[in-house]
Amino acid sequence: MQKAIKKWFPVLALPTVVAFLISFLIPFIMGIYLSFCKFKTVKNAKWVGFDNYLKAFANEDFINALWFTVKFTIVSVITINILAFLFAMLLTKALRGTNVFRTIFFMPNLIGGIVLGYIWLMIINGVLHYFNATITTDASYGFWGLVILMNWQLIGYMMIIYISGIQNISPDLIEAAQIDGANSAQRLFHITIPQVMPSITICLFLTLTNSFKLFDQNYALTAGAPGKSTQMLALDIYNTFYGRVGWQGVGQAKAVIFFLIVAAIALTQLFLTRRKEVEN
Amino acid sequence: MKKSKKVLALTMAGCMMATAFAGCGGSGSSGSGSESGSSSKADTSGVKSIYFLNFKPEIADKYEAIAKQYKEETGIEVKVKTAASGEYEKTLTSEIAKSDPPTIFQINGPVGYQNWADYCADLKDTELYNLLSDKTLAVTKDEGVYGVPYAVEGYGIIYNDEIMQKYFKTDGAKVKSTDEIKSFDTLKLVVEDMTSKKDELGIEGVFGSTSLKTGDDWRWQTHLMNVPLYYEFNTGSESPITTCLNAKELEFKYADNYKNLFDLYTDNSCTDKKLLGSKTVDESMAEFATGKCAMIQNGNWAWSQVNGVDGNVVKEENIKFLPLYMGVEGEDKQGLCVGTENFFSINSHVDEATQQASIDFLEWLFTSDYGKKAVTTDLGFIAPFTSFGDDEKPADPLAKEVLSWMEKEGMESVVWTFAGIPSENWKNEFGASLLEYVQGQKDWSKVVDDAKASWKTEREATAE
């Protein structure tokens, strides 16, 4: 069997490799190249060097969007993970109907971002209507709207990952701790959390990158309004690319910077949390 | 067991590859199909399909029907794709880079031409250009013709005459007929009086919602803005569009006039000011159609929208236009804002036979009996071509109104000067400013200053 896999490997991997090349690697390299060019469509690019990058950093909207994104990411990563962990703890207790609840909590994750954005826009505007306001009245409404939306969507997903982590903890460990007289807080901090560290790594990674890269929800919920004050990085890139004649290259440069930031954050976080993981 | 697994793996791999190749094969053949007829200029026999990227979502299905008819008559398939509202430039940018790009696309005037100059074929020798009733309308550069206008449009304040007549019969009505409204002051008097009598008139407000949701604010940041731009730039001998296009800075001389009318809209609206940020154009058109308001700013294209709303109470004979009065001197001679943002261009990057086939389609649309009928009745265009006789004018009530305003003695139409606005970004920023102003977060003077500053940066940013 092993030998057969080796023998057939190139054939079996070929479709994936080709798809990966066509839909990821080639556009990625082209994208980096285009970030150094002035272009209208990908076919008529003209090399301009670092000009686009200078313009991108001189652009106030970009810096504002960066800060907004950072703030949003910090808040939503913390709230999503704490709430998801609490739900996971709750739903691993021997309660009736835990499976039903798990399914229900997971469901929002199956709905697309744009649809969720419009649904929540209606809900939030519906509520704010009584206070004679809309989500565009104040930037903080948009901010918290996005946080609520993101929590609603991601908690179920993260919860499932935490549940599987919690269920993998050997009952012997808990029992031993109980016999030794550890109270529930001690059991949580000294056994459960260290034991689910791999799940925490994954959940942090997913929430961090998803929040940072958020586009659909941002586009549908606030589209940056009021002004550009709730515009996140991805949306800013999109608007730069299409909003001004001749600024496609700057949009592309912003996208490359964006990629570098996301990659740096994700790798640092993986490195840090990996160290804390313990062997079973 | 082992063997069956191997068989399974192989079959699956086979399936995957088959689908992958099927995908490649499909796109490959369509690519070669469009290139096959590149022999001589006029020979379009090899062309099987052309691709029209439509700008107007509200008439997308009408174009589908026309395409079907054209295929029946000539066998050439017209692929019609419609960009979502406000997304045309984005859609065109991505579509034109594909291997099967649009052969007919649309530019919005001189600014659009700057953007797409590489892709616009010269249309000087075409019948389409020769048929234009006013050749100065076309987008030209040096000797070449790169965009042919296909529809003249007009906008202003649309009103429901039924409600107006009801108002004129009330006690102490300020005027007795809409003909008497010839200036901002009269308009303001009437509107404010109507607001105080809104229960009697059965309306929730005089004006429909000033839709300021991002992406739905073009009626204010572009259309309403046109009037101050026109007065500011209609000074020299050149057309105001050219002057505006060359203006490095905006003085915004008529900012107070803009504010006059804008405030009148929001103060007498059927929606509270604070809630305007969530309103869309569709919603406000629906308010007008269902009789919740008496007036709304929009253009002749809006009739199909009003007519299509469930529970529309606006009768065809009652829908009329008023110009956008803002208190500028001599505005009693001001007509509607008339112009065009709709120019057909032919993609110069496709082979010549396909270009020719695309031109043939457009000529067919504006000269054949079926085509002309479709243009006037279904599409509702006021087509600026000599092939249309006097009896072939659009049937749509708002289009008729535009025509009658254009023909009114002594009235001067306001040229669509907004074609000279530096960039989409300027419009979006101005729209966002207006929203903040309405919500009470920005002073008017700041709105004006920001608009000027943004004009300068945008002009510089896009000048290269």
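In this predicted model, B:Glu64 lies within helix α2 of chain B, the stretch of residues 60-74. With 13 other C-beta atoms within 10 Å, B:Glu64 is partly exposed, since a residue needs 20 or more such neighbours to count as buried and 12 or fewer to count as exposed. Following the chain onwards from B:Glu64 leads to B:Lys81, 17 residues away in sequence, and the C-alpha atoms of this pair are separated by 9.0 Å.

The wider setting of this residue is chain B as a whole, which has 19 helices and twelve strands. Its C-alpha trace spans about 90 × 65 × 45 Å along the principal axes. For the 464 residues of chain B, a compact globule would be expected to have a radius of gyration near 23 Å, and the computed 25 Å agrees with that expectation. Of these residues, 46% count as buried. Contacts that bridge long stretches of sequence are well represented: taking the contacts in chain B between residues at least 6 apart, 73% join residues at least 24 apart.

A good place to look at burial in chain B is helix α10, residues 226-233. Seven of its eight residues are buried, so the helix is largely enclosed by the rest of the structure. The buried residues of α10(B) are B:Asn226, B:Val227, B:Pro228, B:Leu229, B:Tyr230, B:Tyr231 and B:Phe233. Their packing partners in chain B include three helices, α9 (218-224), α11 (240-246) and α12 (255-267), together with the strands β10 (334-339) and β12 (412-415).

Two of those partners also frame a backbone feature worth a glance. B:Phe252 sits in the loop between α11 and α12 of chain B. Its phi is near 55 degrees, a positive value in a residue that is not glycine. Most residues other than glycine have a negative phi. B:Phe252 has 18 C-beta neighbours inside 10 Å and therefore counts as partly exposed.

Further along chain B, helix α15 (residues 352-367) packs against helix α16 (residues 369-379) with an angle of about 70 degrees and an axis separation of 5 Å. The two helices are therefore roughly perpendicular to each other, as the range for that class runs from 65 to 115 degrees. On the α15(B) side, the residues that meet the partner are B:Trp364, B:Leu365, B:Phe366 and B:Thr367, while α16(B) brings B:Gly371, B:Lys372 and B:Val375. Sorted by class, this contact comprises four nonpolar residues, two polar residues and one charged residue.

Turning to the partner chain, chain A has twelve helices and two strands. Reading from the N terminus, one helix is followed by the two strands, after which the remaining elements are helices. The C-alpha atoms of chain A fill a box of roughly 70 × 70 × 30 Å along the principal axes. Of its 280 residues, 34% count as buried. Among contacts in chain A between residues at least 6 apart in sequence, 75% join residues at least 24 apart.

Within chain A, helix α3 (residues 60-91) and helix α6 (residues 139-167) pack at about 40 degrees, and their axes lie 7 Å apart. This makes α3(A) and α6(A) oblique to each other, because an angle has to be under 35 degrees to count as roughly parallel. The crossing of α3(A) past α6(A) is right-handed. The residues of this contact divide into 21 nonpolar and four polar, with no charged residue.

Just ahead of α6 in chain A, the loop that connects α5 (113-129) to α6 holds A:Asn132. A:Asn132 is not a glycine, yet its phi is positive at about 55 degrees. With 11 C-beta neighbours inside 10 Å, A:Asn132 counts as exposed.

Finally, the two chains meet in a contact that takes 34 residues from chain B and 31 residues from chain A. On the chain B side, at least two residues each come from the helices α1 (2-35), α3 (88-96), α4 (110-116), α18 (424-438) and α19 (444-461). By class, the residues on the side of chain B that touches chain A are ten nonpolar, 13 polar and eleven charged.

Terms used
Residues are numbered from 1 along each chain as its sequence is written. Chains are lettered from A and ligands numbered from 1 in the order in which they are written. This is a predicted model: local features need pLDDT of at least 70, side-chain atom pairs count only at pLDDT 80 or more; totals for chains, interfaces and linings use all residues. Helices (H or I, at least four residues) and strands (E, at least two) are DSSP runs, numbered from the N terminus. Two residues are in contact if their C-beta atoms, placed from the backbone, lie within 7 Å. Ala, Val, Leu, Ile, Met, Phe, Trp, Tyr, Cys and Pro count as nonpolar, Asp, Glu, Lys and Arg as charged, and the others, Gly among them, as polar. Axes are lines fitted to C-alpha atoms, for helices over the stretch in contact, and angles run from 0 to 180 degrees between N-to-C directions. Angles under 35 degrees count as roughly parallel, over 145 as roughly antiparallel, 65 to 115 as roughly perpendicular and the rest as oblique. The radius of gyration is taken over C-alpha atoms; the globule rule is 2.2 Å times the number of residues to the power 0.38. A crossing is left-handed if the near helix is turned anticlockwise from the far one by less than a right angle, and right-handed if clockwise.
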